[in-house]
Amino acid sequence: MSALELSRVSKVYGSGAGEVHALRGVDLIVEPGELVAVMGPSGSGKSTLLTIAGSLEEPSRGEVTVGGLPLSRLSRNEKAALRRRAIGYVFQDFNLLAGLTAAENVSLPLELDGAPIRTARAAALAALERLDLAGDADRFPDDLSGGERQRVAIARAVVGQRHLLLADEPSGALDSVNGESVMRLVRETCQAGVAGVVVTHDAQLASWADRVVFLRDGRIVDQTARPDGPESLLETGPAR
Amino acid sequence: MTTTLAAPAPAPAPALAPSPAGAGRRAIRRWAWRLLRREWRQQLLVLALLLTAVAATTVGLGVVVNVTSDDQGQFGTATTRIDISNPDLGPDITAARRAFGTVEAIEHENVPVPGSITPVDLRGQSPHGRYGAPMLQLVSGSWPTGAGQAAVTASVASTFGLKIGGSWPVNGRTLRVVGIVENPKDLQDGFGLVAPGQIRSPSGLTLLTGASGTAASHFRAPGGNVVSIMSNGASAAQRQRLQALMVLLLATIGLSFVGLLAVAGFTVMAQRRLRALGMIAAIGATDRQVRRVMLANGAAVGTVGAAAGTALGLAVWFALRPAFEHVVGHRIDPLSIPWWAVAAAASLAILTAVAASWWPARSAARMPIVAALSGRPTPPQPAHRFAVLGVGLAALGFVLLVLAHAQHTVLIVTGIVATTGGMLLLAPLGIRALAVTARRAPVAVRLALRDLARYQARSGAALAAASLAVGIAATTAINAAAQQAADRTLSGGNLPVNQLVVWLQDPNGGPNLHAVAAGTSSAPSPAVIARARGAAESIARTVNAHGTLELDVAVDPRPVPGTVPQDHYASVANPVSDQGRRGFNVLTTPYLATPAVLDFYRIPAARTDANTDILTARNDLTGMQLLVPSENSRFGQPALIQTTTLLPNYTSAPNTLITQRAATAHGLVPQPVGWLLQTAHPLTSAQITDAQHRATAAGIAVETRTAPGDSAQKLRDYATVVGALIALGVLAMTVGLIRGETANDLRTFTAAGASSHTRRTLTAATAAALALLGGILGTAGAYLALIAWHWRDISYLDHPPYADLAVLVVGLPIAALVGGWLFGRSPATIARRPLE
Amino acid sequence: MHTRYTDDRGGSMSVRHALLALLTEGPKYGLQLRQEFEARTGEVWPLNVGQVYTTLQRLERDGLVESDGEDGAGTQKSFRITAAGAIELDAWLRTPPDLSSPPRDELVIKVLVAIRVPGVDVHEVIQTHRRRLVELMQEWTRVKRNASGDDLSLALVVDAELFRLDSVVRWLDAAESRLRRSPVSTPAPVRPPNKPVREGARR
């Protein structure tokens, strides 16, 4: 069972003359443990793809299945429950509630789901620990650097038992070294069995993915081949 | 270094069972509380608005229930008061005891004040009387107990120059002053107090009983004449009903106010939190949880605002009480506040805040998550749809208020709420209209007005709040003017503080001073008149008056048998017919409209109709008849009466004149009765005392202002000022609230090279636009409500207070413009953008 | 059609100065130099022994290094840097690489040709190259990912490769968006170019 499956997904905004086709019949399957990058220029529909995959928006046509559950059959509240329990989001810049500490931000989905506060905090601390942020648990987002904030956001996106990690330009506001460490974390998270989708226009970020899907005008036009393995580069790569 | 991406075991399908009811409530509450704590600065304006509204309501409640004294100043705890003149004390009291059982008697004796026409009342009353105890309070010293002891009020002490321990010659005996007393229920009541039974020559007797008015109405005093029988019961019930109505009105308006301000505030806050709300929805908060964030915040802000507002209101009330006591003229128990209403207002304020946060919460929860995340507000609803609903609601409110007959409470409350709601819904239309007119305005003005129109939800509520504030101010002003007009018959007292009348004779039936002085009942001789005129002139010189204005009455020279000289005065009277007997009810004695009087009051001859008989400032003389003593056996035509506001509005000033044409036509001749003196400054007590001495020497008397001030008038003035101040304050805060939201725009604006001039223009334009619309809407709303309220007597509103209304409609925008300009600098931290 | 996305300008130049740099640490044997070079560059640039000795001979000819061993017995020869060599190295480190003259980039030529050839979808050509470039970048990223965190040289070298490849991808992106804006110059578009969807239209 795939973690995420989009079949013939289309999204149209507006109507009549102002009609905008953001997605046109997109098919995409992401397996557990796989990190897929969706690459495309601005306006290619990549952010829409992510919001639809994350149940934040409904497709105009087509079906989205998360962990085997077709989203079209879920109520608003069931979708919210799905987001609390199975889907983790990382946005480009705005991720954390300023009024809550790092640990509280991370434990928020669990607490919203009704987990006892102690359990939720323990899970949050564990997630922060994995991301090397154990010392920052009780600091407020205002006191964290941009890279740290993004790492806390990832911790929040993976806390608990997640199936799907969705990230929209997760390192967009960061410099390349910080961006790399964020992508490294996303990569490691996926290695633990979570399916990941990262949308970006940046080839360097996309190159962290197992598979890069190219989106143009709401269509998937191409994708990279499944890699042979890490050794291939040194054997076939340019020799000097 | 080989890493194979071992396919992990497929994750189990996520379970979608709903979380336990109320899950995450704690997290939500924690966040709401942190929001309040961390962002208290940003919520300060909302808090301040709520606090102001609640505090104003609390103070208003205290004022409303205490503004009118209960009748204990006259009745004590009795239900019926019988006043008897020239009593025969023993038989009268005995008769009363026989008729009613328990009776408390208060004896009166007149103590003349040298040189003044107003005597002082000396009372024989027990401070521990069965009924009258609440009418007396000891300020200092002790109660008079035996013969020869007296206590006086502070005003009497100053009139006679008395001190505790001093002696007071009264009608041929000397009393020792042992204490200073007051009537706590009527601080303007000036009197002397002796122990019961110590009155030598009683001029009056007051009987207080617990009997009903009907039972008392048959009472006949064997010794004296029953002057009046007053019953407390009906008036007390009516007063209580009125008071309850006022409390209800005030609470309703106050809470509507709280509601509007809260809607404005929470709409702004919801907008500010839009991205955060979108984000928690994105991580899986249900709609209900998103709503709960806003509701919890509303409850928190409401609780803090209501608690602080009530505390502030009570503090202000306690602080203002002494000053307020002097305004209303009676002592106020500081704890005499409608506690239940204050508590209800506070708890309703919290509920209102929660309810007000409900609508923004609902829209935030219903908003598409993606739109919320990007911080894009939903496009404004078309204004005309609101407008139609608004007109409908306002009309409904109007009809309800008309139907309420100023007494049906449910209709009143719903009427006011509907009118307020109508204003809230009409506000966006006004904003739209203003934005349309601004198309050709300079960029800063255009931007300011367009922002108002684009963020209609918040500006609409803010405007409605400002309108209601203006409406309150306008209502008080209009009401004050209407009251003043209605009070024309009562006028602003006997005389203004800078006038003094030297009386030869009191034209309105008081003691004939000359007659009293001379012991005769004939008309004053020319010599007497000349002496009095000389005294008046000497008084005029000592008080630096601008000369003397002679007041003449028109006298019928033809003899009428069996009459005293005053009966020869021409008067304005109301023909009455009682059980077949016809008679006249004399309302006033007009003075002759001599050229000097007309000139003194700057009444141009051209402004007077040729046929006019009577010129008057009073508006209760219409249809009255000119009564000439030798013609009094026949009913005549109603006199031709012309009212003018140029004449003074005081009882002892010439407020009614008979034209010389009419006097000549009826064969009347002038006779001086007094001289009016006017000074540039209010008369001092030293000047008054000096004048009284000079008058005494000449055998005449002077009259000066008796009441320290008309408390109702003063109170209305204060209410108007306070209403305008609250309107201005609320306006300033709402402008702050709205402009605070556009700090980002301001940043961009500054980055684009806008000078501080432009930024000031932006703020000033916003403030002025809101003030102008608020002024117009508020005044219109106030008139709508008042017309409905006084539907059956619309002439009540015949005297719009043009000056006050101009201040609200024109002055407020100008004040807002200037204020916006002065305080509309750029935010201190242009570069710093807070983390949302 | 296969393009090798490599830059063959001045490759030997870099080896020459890299060897000089290694010799600043002290005299070294040829074989030792090769091992150290590979270690320093994260084994990304394999050198064969011949290449090392040819370079060393040229350096010696130019008087930038000197050897102590006898002629011919190459492997056992020990090399040390001369004063002239040190000056040359220092000057080279500070000389900006020649970036001003446009390289005769094969990819650029291919795209330019693709525009002119009827029946060829230039977007498809661009996408094919883009995909191959991204695949290459994925491979380099994988190298970086699997390397130990403290291998600084490797990280720097891989970054250099990634940035270079990234720049080519960006050029392709730019070329594509330029081509879309002037549809006249593309004779045979398979797909009518769509009006680009504005980012702001997302809701």
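Two exercises on a predicted model follow, each with a worked solution. Residues are numbered from 1 along each chain as its sequence is written, chains are lettered from A and ligands numbered from 1 in the order in which they are written. Local features need pLDDT of at least 70, side-chain atom pairs count only at pLDDT 80 or more, and totals for chains, interfaces and linings use all residues.

**Exercise 1.** Determine which strands of the open sheet in chain A stand at the edges.

*Solution.*
1. Four strands, DSSP runs of E with at least two residues, form the sheet in the order β2-β1-β4-β5, with antiparallel pairing. Two strands pair if DSSP finds at least two bridges between them.
2. β2 (20–30) and β5 (69–70) of chain A each have a single partner strand, so one side of each lacks a neighbour in the sheet; these are the edge strands.
3. Strand β1 (residues 4–13) of chain A joins β2(A) through 7 bridges in the antiparallel sense. A:Y13 has A:V20 of β2(A) as its bridge partner.

**Exercise 2.** Identify the residues that touch the most other members of the largest nonpolar core.

*Solution.*
1. A nonpolar core is a set of buried Ala, Val, Leu, Ile, Met, Phe, Trp, Tyr and Cys residues joined through C-beta atoms within 7 Å. A residue is buried if 20 or more other C-beta atoms, placed from the backbone, lie within 10 Å of its own.
2. This core holds 240 residues; B:L50, B:A349, B:A465, B:A469, B:A727, B:L731 and B:L770 touch the most other members.
3. Its largest share, 16 residues, comes from helix α7 (residues 232–272) of chain B.
4. A separate second core of 57 residues includes B:I117, B:V502, B:L615 and B:V628.

Note on methods:
Buried ≥ 20, exposed ≤ 12 C-beta atoms within 10 Å, placed from the backbone.
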